[in-house]
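Visitor: I'm new to this one, and I'd like a close look at a single part. Could you walk me through the disulfide bonding and what sits around it?

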Amino acid sequence: MTSSTLRLAVAAAGLTLAATTGSLVGVAAAQADPTPPAPDTIVKVTGDAQTGFGIKYYDGSSDFPPRLREALDDCADYPARIGQARCRTKVKTWYRDLADTKQALKWARSAA
């Protein structure tokens with residue numbers, strides 16, 4: 001879950017940067033650039049937290065994290081309450097960011 005979280009954070013940061021600084025000139029320059037994106041660039045997010053997300057990357061690989069309820073249930077495996085609370089916060093943040101990334105990708109495709 002750590003590498004997926006890192007991929008998501010990097011992709012979300014890139015989408016945020018593109019959204020805030022990517023005027024039409026920036027979008028046109030990105031489309032004209034012949035350099036392909038990094039293999040771990042998120043290209044599609046399907047589903048939702050309740051039924052499960054599907055994450056597709058530029059290199060064709062995919063991740064299917066557990067549904068939100070399953071991920072939160074796994075937090076009970078931590079022996080200390082503080083560990084359980086940290087786990088729940090991390091899971092909720094991760095799934096919130098997946099939903100935001102899905103929305104950003106949909107917006108980026110409609111703007112192109």
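Guide: Happy to! Keep in mind that this is a predicted model. Counting cysteine sulfur pairs within 2.5 Å gives one disulfide here. It joins Cys75 to Cys87, with 2.0 Å from S to S. A disulfide, by the way, is a covalent bond between the sulfur atoms of two cysteines. Look along the S-S bond of Cys75 and Cys87 and you'll find an angle of -70°, making the link left-handed. The two ends come from distant parts of the chain, twelve residues apart: Cys75 is in the loop between helix H3 (68–74) and helix H4 (81–111), while Cys87 belongs to helix H4 itself. As for exposure, Cys75 and Cys87 are both buried.

Now follow the chain back to the sheet. Three strands make up this open sheet, lined up as E1-E2-E3 with antiparallel pairing. Strand E1 (42–48) and strand E3 (62–63) are at the edges with a single partner strand each, so each has one side without a neighbour in the sheet. Between E1 and strand E2 (residues 52–57), which run antiparallel, there are six bridges. If you want a spot to zoom in on, try Thr46, which stands opposite Gly54 in E2.

And here's how the two parts connect: H4, the helix that holds Cys87, packs on the sheet and touches E1 and E2. The direction of H4 makes about 120° with that of E1.

Conventions:
Residues are numbered from 1 along each chain as its sequence is written. This is a predicted model: local features need pLDDT of at least 70, side-chain atom pairs count only at pLDDT 80 or more; totals for chains, interfaces and linings use all residues. Side-chain values use heavy atoms; hydrogens and water are left out. Helices (H or I, at least four residues) and strands (E, at least two) are DSSP runs, numbered from the N terminus. Buried means under 20% relative accessible area, exposed over 50%, partly exposed in between (1.4 Å probe, protein chains only). Two strands pair if DSSP finds at least two bridges between them. Contact means heavy atoms within 4.5 Å. Axes are lines fitted to C-alpha atoms, for helices over the stretch in contact, and angles run from 0 to 180 degrees between N-to-C directions.
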